[in-house]
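Please work through the following exercises with the sequence and the model side by side, attempting each task before turning to its solution.

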Amino acid sequence: MHPRTQRILQRLEKLGSISDAPNCLSRFYGTTAHIQSRKVLIEWMESAGMTVHCDNIGNVRGILKSKAPNAKHLVVASHYDSVFDAGKYDGPLGVLLGIEIAQQVSESGQDLPFHLQVVAFADEEGGRFNTAYLGSGVLAGYFDKTWLSRKDDAGETLDSVIQKMGHHIDLVNDEAIPKEDWLGYYEVHIEQGPVLCDKDLPVCLVSGIAGQTRVDIHWKGMAGHAGTSPMDLRQDALCAAAELTLIIEALGKKHKEKLVATVGKMIVGPNSSNVIPGTVYHTLDIRSMQDHFLAEMVAYLEQQALTIAKKRGLHCEWKVMQSNPSVDCDPQLSAALEKGIKKSGVRELLSIPSGAGHDGVMISKVAPISMLFVRCTDGISHNPAEYCSPEDIEAALFASDAFLEALADSIK
Ligand code: HGY
Ligand code: MN
Ligand code: MN
């Protein structure tokens with residue numbers, strides 16, 4: 001195995017051990033582990049020969065400047081936050097591979113015709129504040145200041161967490177790379193799906209990223225005594241939430257070829273075994289490559305929620321937290337990536353859409369994007385069983401080296 005692959009594996013283990021939870025990997029935005037991992041990333045980017053700075057949202061940004069006049073930026077990135085009880089490849093693989101391709105350029109003394117900027121985004125998952133793409137939102141100049149008042153489960157606001165990290169939120173808009181200065185965006189990420197395993201391929205191109213809407217749903221009923229309240233006189237918030245959850249599942253199954261819908265988080269109040277739940281908060285994560293269809297499904301489910309609330313005598317608050325349309329990867333960047341994949345010896349070219357969201361969704365607002373998927377065993381992700389083999393990581397590394405070369409040739 002190439003020493004560069006070895007180094008990626010060692011660093012994946014190191015980052016995978018930096019967690020806020022004692023028995024699993026969890027690294028939400030602005031936590032102790034998040035800040036600790038940032039320090040390690042700064043060190044590694046500096047040792048790769050890059051000029052490194054941490055921006056005012058917590059993105060770690062390393063750059064190899066080109067001497068070419070009017071050089072634009074190629075950003076190679078992924079994220080270093082995680083979901084709770086995460087796998088160690090989702091995010092860090094793309095960051096560490098980016099550092100390796102930069103180190104190769106720096107050590108070879110090659111002067112690329114573009115600036116090479118490697119970015120570790122501070123928050124892609126939105127695990128703490130349900131704000132996906134915080135980091136890439138800043139890089140694209142699309143940071144939404146209404147996010148600042150968002151609260152985590154402990155009631156702390158995003159604004160206060162950013163300040164505690166020593167950042168100045170009023171400066172974030174200076175951190176963006178202006179639209180005219182972008183050459184493009186490239187991200188390497190585990191597929192988090194079964195296709196590469198089925199096809200027995202190590203890597204493939206990504207054709208686009210599905211549209212995604214995230215909704216916060218609050219049910220307000222009436223808490224009551226579990227022993228004395230007649231069943232037909234209750235305003236049980238949990239039963240209402242459960243009824244909607246099953247409608248959501250049925251809708252996803254009915255349109256399974258073009259829709260996925262998930263209730264992933266639920267908080268029951270007061271959450272006592274002998275009290276009828278008076279309040280329930282839960283999320284809806286719903287996605288499709290077809291934007292109009294997705295909007296129709298969100299509207300339909302909102303109607304269903306309001307119908308359930310009326311029938312059960314509850315109040316339902318439906319709050320769309322974030323909605324991103326589906327995006328296409330750029331044909332020219334993908335053509336260079338195709339050359340890179342071919343040159344690295346992968347036996348078959350494949351291009352698939354991504355059901356998972358990625359920072360490219362945010363970056364696509366200002367720049368052409370491209371992505372490389374890497375096989376992960378059985379497509380398992382957002383799960384500690386997530387695994388990506390050293391051989392497939394090496395295939396992705398070599399395909400990325402060749403992509404950079406093909407891109408540089410296409411500019412000269
Ligand atoms: O949720 C997603 O698709 C990604 O992992 N943030
Ligand atoms: Mn990810
Ligand atoms: Mn993820």
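Two exercises follow, one on a helix pair and one on a metal site, both based on a predicted model.

**Exercise 1.** Determine how helix α2 and helix α3 are oriented, and which residues meet where they pack.

*Solution.* Begin with the axes: α2 (residues 32–47) and α3 (residues 92–108) pack at an angle of about 20 degrees, and their axes are 9 Å apart. Angles under 35 degrees count as roughly parallel, and therefore α2 and α3 are roughly parallel to each other. Next, list the contact, in which Leu 41, Trp 44, Met 45 and Ser 47 of α2 meet Val 95, Leu 96, Ile 99 and Gln 103 of α3. Sorted by character, the residues of this contact comprise 6 nonpolar and 2 polar ones, with no charged residue.

**Exercise 2.** Identify the donors of the manganese ion (ligand 2), and establish where they lie along the chain.

*Solution.* The donors to the manganese ion (ligand 2) are His 79 (NE2), Asp 90 (OD) and His 189 (NE2), at 2.1 to 2.2 Å. Along the chain these donors follow the spacing H-x10-D-x98-H. His 79 belongs to strand β3 (residues 73–79) and His 189 to strand β5 (residues 182–190), so the pair ties together parts that are 110 residues apart in sequence. As for accessibility, buried means under 20% relative accessible area; His 79, at 0%, is therefore buried, and His 189, with a relative accessibility of 1%, also counts as buried. Finally, consider Asp 90, which bridges the manganese ion (ligand 2) and the manganese ion (ligand 3), the two ions lying 3.4 Å apart.

Note on methods:
Residues are numbered from 1 along each chain as its sequence is written. Chains are lettered from A and ligands numbered from 1 in the order in which they are written. This is a predicted model: local features need pLDDT of at least 70, side-chain atom pairs count only at pLDDT 80 or more; totals for chains, interfaces and linings use all residues. Side-chain values use heavy atoms; hydrogens and water are left out. Axes are lines fitted to C-alpha atoms, for helices over the stretch in contact, and angles run from 0 to 180 degrees between N-to-C directions. Helices (H or I, at least four residues) and strands (E, at least two) are DSSP runs, numbered from the N terminus. Angles under 35 degrees count as roughly parallel, over 145 as roughly antiparallel, 65 to 115 as roughly perpendicular and the rest as oblique. Contact means heavy atoms within 4.5 Å. Ala, Val, Leu, Ile, Met, Phe, Trp, Tyr, Cys and Pro count as nonpolar, Asp, Glu, Lys and Arg as charged, and the others, Gly among them, as polar. Donors are N, O and S atoms within 2.8 Å of the metal (3.2 Å for Na, K and Ca); water is not among the atoms, so sites may look incomplete. Buried means under 20% relative accessible area, exposed over 50%, partly exposed in between (1.4 Å probe, protein chains only).
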